[in-house]
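Dear colleague,

Please find the structure below, together with its sequence. I suggest keeping both open while you read the notes that follow.

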Amino acid sequence: LSIYLGLERKKRGWMDLVVADIVSDTPDTKTLIFKDPADGHSPIDYIAGQYLTFRFDEIADKPVVRSYTMSSSPRNRDALWVTVKIVPKGLVSTYLCEQVKVGDVLRARGPIGRFCYDWEQDPPHLFMVAGGSGVTPFLSIIDEYWDRLGQKTAPASLNLLVSQRSREDLIGKDLLAKAAKIPGIKIWTTLTREKADGYLSGHIEEATLSQFFAGHIEDGVFMTCGPDAIMAKTVAYLQGQGVAPERIKQESFFS
Ligand SMILES: Cc1cc2nc3c(=O)[nH]c(=O)nc-3n(C[C@H](O)[C@H](O)[C@H](O)COP(=O)(O)OP(=O)(O)OC[C@H]3O[C@@H](n4cnc5c(N)ncnc54)[C@H](O)[C@@H]3O)c2cc1C
């Protein structure tokens with residue numbers, strides 16, 4: 001029955017993913033929307049926060065591999081999304097954002113990773129701190145849980161503190177704007193290169209972290225992903241507050 005319902009789509013080894021659509025989120029990101037070429041649905045089951053490793057055989061002298069996190073919710077049975085931000089002079093990110101077109105078939109394997117909310121182990125309040133493309137796992141997590149907060153298999157609250165350069169760089173803007181209106185979801189965005197109403201300004205510092213986590217140091221689980229400086233500051237702050245290592249989860253996008 002579960003196979004009939006499509007709940008056990010697991011693949012071993014390298015799989016083909018067809019690019020069904022490409023959406024421009026911001027001036028330097030693209031969301032690639034993938035389907036299984038065999039049946040036109042999402043190729044695999046995964047847990048929000050996991051990633052795929054892609055392999056490219058023909059864009060350099062030798063094969064190159066890079067990892068990209070799903071930005072879609074696993075509940076999306078139609079397609080799997082990854083959101084890629086161009087790294088200046090970056091080989092694969094530039095290729096994905098500027099060369100890949102609808103209909104292309106890419107090779108990937110996964111899902112991989114444990115950067116996920118674990119409802120059996122983790123405390124109820126989920127706090128996420130991100131910068132730049134590091135917001136992608138949190139888009140997946142927010143889209144996965146936003147309408148079932150407090151249920152057994154979901155966090156009681158979702159809290160995201162995200163840093164981007166300016167309003168035009170807001171990856172996942174529509175989802176985050178929708179989520180911010182829901183009780184139990186808190187989204188704080190700080191802009192580092194402009195000041196605007198409704199946004200914090202400047203880099204994520206200890207004072208912001210302290211306000212953001214207020215009241216939940218004891219019953220929170222903390223995830224951080226993004227530039228090393230943001231991750232390091234977040235982890236140092238939490239460690240300074242005595243948060244146990246198993247309540248602090250990190251994903252570095254620099255492999
Ligand atoms: C588990 C995991 C998940 C990831 N998920 C995503 C995702 O969802 N979206 C996304 O856009 N990226 C993600 N990344 C980063 C991605 O895998 C690549 O590292 C990134 O796209 C750069 O690859 P490139 O070939 O373009 O750059 P390269 O040609 O490898 O590097 C070019 C230059 O950029 C620097 N650089 C490399 N990686 C980064 C980076 N991440 N940020 C800033 N500078 C960098 C290098 O030091 C080098 O100087 C993830 C990485 C990991 C390990």
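Two strands are said to pair if DSSP finds at least two bridges between them, and the helices (H or I, at least four residues) and strands (E, at least two) are themselves DSSP runs, numbered from the N terminus. With that in hand, Thr53 of strand 3 (residues 51-56) stands opposite Arg109 in strand 6. Please bear in mind that this is a predicted model, in which local features need pLDDT of at least 70 and side-chain atom pairs count only at pLDDT 80 or more, while totals for chains, interfaces and linings use all residues. Residues are numbered from 1 along each chain as its sequence is written, and side-chain values use heavy atoms, with hydrogens and water left out.

The sheet comes first. Six strands form an open sheet in the order 4-3-6-1-2-5, and their pairing is antiparallel. At its edges are strand 4 (64-69) and strand 5 (80-85), each of which pairs on one side only. Neighbouring strands of this sheet are turned by 40° against each other on average, direction ignored; here, axes are lines fitted to C-alpha atoms, for helices over the stretch in contact, and angles run from 0 to 180 degrees between N-to-C directions.

Strand 3 pairs with strand 4 in the antiparallel sense over six bridges, and with strand 6, also in the antiparallel sense, over four bridges. Within the pairing with strand 4, Leu52 stands opposite Tyr68, and Phe56 stands opposite Val64. Because five of its six residues are buried (under 20% relative accessible area, where exposed is over 50% and partly exposed lies in between, with a 1.4 Å probe and protein chains only), strand 3 is largely enclosed by the rest of the structure.

Two backbone details are worth finding on your screen. A cis peptide bond, with omega of about 5°, joins Gly110 and Pro111, and Pro111 lies in strand 6. Lys89, found in the loop between strand 5 and helix 1, has a phi near 65°, which is a positive value in a residue other than glycine. Is Lys89 buried or exposed? Lys89 is exposed, with a relative accessible area of 86%.

Next come the helices. The axes of helix 4 (residues 206-213) and helix 5 (residues 228-240) come within 10 Å and cross at roughly 60°. That makes helix 4 oblique to helix 5, because angles under 35 degrees count as roughly parallel, over 145 as roughly antiparallel, 65 to 115 as roughly perpendicular and the rest as oblique. The contact (heavy atoms within 4.5 Å) is made by Glu206, Leu209, Ser210 and Phe213 of helix 4 and by Lys233, Thr234, Tyr237 and Leu238 of helix 5.

Lastly, please look at Thr189, which has its place in strand 9 (residues 185-191). Thr189 is buried, with a relative accessible area of 13%. Which residues is Thr189 in contact with, leaving aside its neighbours within four places in sequence? They are Val162, Leu170, Tyr199 and Leu200.

With best wishes
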